[in-house]
Amino acid sequence: EADAAMEFERAAHLRNGPVERAVPMLEGALRRSEHLSCALRVRLRASLGRAKALVGHPDAEAVVAQALEEARALGDDETTSHALEVACVTESDPLVLLEHVTELEQLTAATGDIFQSEWAAGMETCALIMLGRLTDARKVLSRLQERAITYHFITFQWEARVFTSSLALTAAHFEEAEAAAESANVAEEDLYNGIEASGAYGLQMFMIRREQGRLGEMRPFLQILCVSDRASGIWGPGLVAAYAELDMLDEARRGFDELAVDDFSGLPRDTVWPLTLAFLSDACIKLGDQAAARVLLRELAPFGGLVLTAGFTTCDGPADRCRAALAELCGDRDAADAFIVDAAELAETSGSPLWMARVEQAWAWIAAQRGDREGVAAHFGRARALAEEFGIGSVSSDPPCQILVVSDAESVAVDELPDGLSSREVEVLALLAEGRTNRAIAETLFISPNTAANHVRSILRKTASSNRTEAAAYAIRHGLNVPNAKAMSA
């Protein structure tokens, strides 16, 4: 029973199968393990910890830590290797993960277990990507690929192709990233079972299309997965991020509010949680939701100085890019300054033009919130230069506009805005109150007419106004028709 439960868990993990079914199997085997050896009980506990981690169970790390401690106390190399293999999956600190990898590689050198050695190489690649050490990650990946082919490890051949796609994306080599993702999906399709297992390929294609500026193509796919694969936890936030980026703000707002219930407690803290946070943060910033921004800042704190990843599948770049914009949204300028500098340093040392462009774009947005015209011009200029050189479509062709510029005497605190209006909606409302058309608003704010129309629709809904005239009257009643509430051009 114990061996069967452990093999089921390992197979489910490697084949992206129903890991949640492994949890009761392993728990049952542990309850009936009195007659088993200490070593086998420890391996059972370790496997249970991994299964729990993959489904986002809160006590997973404690279970794995106990198993690893017991394994080391036994002094049995095979048991310790198994516990380390599991600990590599559950460990969120990449520096500790590298320590686990080093120990595991030393043990596999003694045991001759090439499979676990390959496992260690894959985990080392993950850790290096989390640290932004992309050059080192590519070196380890080369070793992983070579041995996977030599020893006919189909699982690791597939894993190597997934890593290849992820690293190509960081270099803004979109065609190479897509080819590697397609290769992994087609050549290793036997590793998958049904739509639930299309996650790695779907997630990679989502990231590629987003950075190409082709996110609209992924919307139908995401809508399907949102319904059929909600348990994975990431597709709902992915769809909300897509809506926000496509300026479908009403749809983004509805989806975001649903996810934000009880501080996003309905979303599992599993292996894709870091990337889920990136999607939620991007949507939150676009929606100007300060309350959610404070929650997301707390959730992102453990990832400061690191890259947000979804296991080994893909990555989004420095977490501090998101933290900086969220802190600015909350009015904490000192924190925003510190975070954006850290994000820029990590992006620069990583050598990723994609991450550098995204950080510079965020920095330009922060400058725009402060009315810093020179800062907007400098940072947006660098972002656009990288975007044009590498074909990065996720960087807007329009500079960010200032959300709200008023005199000190007439300043309106974002926390005091009525009826859930965002700062940008207040700016649009002020222009609407002047009698401007959607096209005129778009030209003033350097946004598309469609985006302006979306803002106007959101304003009418939030203010319970039937038409633009009623919205203008609302602006006057609430003192939001500020004469100098103008957009800033870079």
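**Note on a predicted model: cysteines and two helix environments**

1. Cysteine 38 is partly exposed, its relative accessible area being 44%. The model is a predicted one, and this value is computed from it. Cysteine 322, by contrast, has 1% relative accessibility and counts as buried. The number of disulfides in the structure is 0.

2. Cys322 belongs to the buried set of helix H18. That helix spans residues 319-329, and 11 of its 11 residues are buried, so the rest of the structure largely encloses it. Charged side chains are part of this set: the buried residues include Asp320, Arg321, Arg323 and Glu328. Also buried are Ala319, Ala324, Ala325, Leu326, Ala327 and Leu329.

3. What do the buried residues of H18 pack against? Their partners are four helices, H16 (273-287), H17 (290-300), H19 (333-350) and H20 (353-369), together with strands E1 (307-309) and E2 (315-318). After H18 comes glycine 331, with a positive phi near 85°.

4. Helix H3 (residues 38-54) packs with helix H5 (residues 77-90) at about 10°, and their axes lie 9 Å apart. Because angles under 35 degrees count as roughly parallel, H3 is roughly parallel to H5.

5. On the H3 side, the contact is formed by Ala39, Val42, Arg43, Ala46, Ser47, Gly49, Arg50, Ala53 and Leu54. H5 contributes Thr79, His82, Ala83, Glu85, Val86, Val89 and Thr90. Sorted by class, the H3 contact with H5 comprises 8 nonpolar, 5 polar and 3 charged residues.

Terms used. Residues are numbered from 1 along each chain as its sequence is written. This is a predicted model: local features need pLDDT of at least 70, side-chain atom pairs count only at pLDDT 80 or more; totals for chains, interfaces and linings use all residues. Side-chain values use heavy atoms; hydrogens and water are left out. Axes are lines fitted to C-alpha atoms, for helices over the stretch in contact, and angles run from 0 to 180 degrees between N-to-C directions. Helices (H or I, at least four residues) and strands (E, at least two) are DSSP runs, numbered from the N terminus. Angles under 35 degrees count as roughly parallel, over 145 as roughly antiparallel, 65 to 115 as roughly perpendicular and the rest as oblique. Contact means heavy atoms within 4.5 Å. Buried means under 20% relative accessible area, exposed over 50%, partly exposed in between (1.4 Å probe, protein chains only). A disulfide is a pair of cysteine sulfur atoms within 2.5 Å.
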